[in-house]
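Colleague: Could you walk me through this model, starting with its surface?
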Amino acid sequence: MTTRIIMDCDPGIDDAAAISVALNNPEFDVRLITTVAGNVTVDKTTRNALKLVHFFDKKVPVASGAEQPLIKPFEDAARIHGESGMPGYDFDEFVGETVKHSAMEALYLTIMRSSKPVTIVPTGAYTNIALLLAVHPEVKSRITRIVAMGGALGRGNMTSAAEFNVYTDPDAARIIYNSGIPIVMIGLDVTMKALLTPKTLETVSTLGEAGNMLASIFKHYYEGHEGGIPMHDVNTICYLLHPEYYQTGNYWIDIQTSGPAIGETVADIRGAYHNGQTNAEVAVGIDTDDFNRWFIEEVRAMKVD
């Protein structure tokens with residue numbers, strides 16, 4: 001029984017790892033990849049998505065999306081991911097084309113034509129999803145849930161308050177958190193714990209051409225920490241496959257859209273302001289040993305012709 005997913009992303013090094021796992025794990029049926037401006041500009045994120053689909057020889061459509069946030073000026077993360085977003089590996093030259101529809105329309109058509117509800121996995125700014133919900137609210141009943149990388153209950157990584165994906169387009173984040181669609185928030189509370197250790201990185205580099213590709217781009221990821229590197233976006237895919245690795249809590253999440261705390265995900269931890277209602281399941285802990293073992297096995301199983 002496969003899970004039908006749509007990946008909405010801004011590759012980006014950790015997005016690349018998430019896409020690689022999703023494309024190769026038989027428990028997923030990846031129906032569409034949509035791209036958004038985030039880690040780098042949307043022309044680059046789109047090109048990177050096409051590179052990965054071609055690298056693994058998969059027939060997954062790619063649609064290019066929003067070039068900028070809904071309201072807030074665009075700020076990229078090229079200082080973390082490099083100017084191309086995915087440096088360090090020489091992908092084969094190829095001619096890859098996106099679908100003729102925009103990301104928003106491709107999302108709509110894919111969701112409505114699917115015989116089963118789909119899960120949306122955003123790992124970049126949520127602009128495309130917000131536009132979809134604003135223009136085509138009828139899709140809500142066709143979405144099982146949104147498993148989104150972004151946010152934090154504590155310290156941010158873009159400002160002291162805000163995580164990058166939510167900070168990039170906080171107005172879009174507010175729309176999805178107020179949509180009524182079940183949401184799982186995979187934020188910094190777990191992704192900064194789910195570090196790929198130096199030993200894991202060394203092992204990955206030995207695991208065929210897929211491992212070589214991933215290890216090569218990981219070397220250009222300028223977000224190292226003592227104990228390893230965070231693979232933020234991969235946690236969305238890991239959660240879908242192994243929710244038992246994660247500890248979660250249910251909260252009402254509000255999004256700050258202005259002021260010095262713009263982009264902050266504010267949890268009603270005491271349940272004091274929303275009559276006991278919640279709008280998100282929030283990941284707060286993870287078994288890091290299981291995460292590392294799982295990632296190695298996922299890469300080991302990847303096949304490159």
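Colleague: What share of the exposed area of the protein chain do carbon and sulfur atoms supply?

Modeller: This is a predicted model, in which local features need pLDDT of at least 70, side-chain atom pairs count only at pLDDT 80 or more, and totals for chains, interfaces and linings use all residues. Residues are numbered from 1 along each chain as its sequence is written, and side-chain values use heavy atoms, without hydrogens and water. Accessible areas come from the Shrake-Rupley method with a 1.4 Å probe, and for residues only the protein chains shown count as cover. Of the roughly 12600 Å² that the protein chain exposes, carbon and sulfur atoms supply 48%.

Colleague: Happy with that! How much of the protein chain is buried?

Modeller: Buried means under 20% relative accessible area, exposed over 50%, and partly exposed in between (1.4 Å probe, protein chains only). Among the 305 residues of the protein chain, the buried share is 59%.

Colleague: And is Leu131 buried, partly exposed or exposed?

Modeller: Leu131 sits in helix 5, residues 127–135 (helices are DSSP runs of H or I with at least four residues, strands runs of E with at least two, numbered from the N terminus). Its relative accessibility is 32%, so Leu131 counts as partly exposed.

Colleague: Lovely. Why is helix 10 described as largely enclosed by the rest of the structure?

Modeller: The buried residues of helix 10 include Met213, Leu214 and Phe218. They pack against helix 1, helix 2 and helix 12, among others, where contact means heavy atoms within 4.5 Å. Helix 10 is largely enclosed because the buried residues number eight of its eleven.
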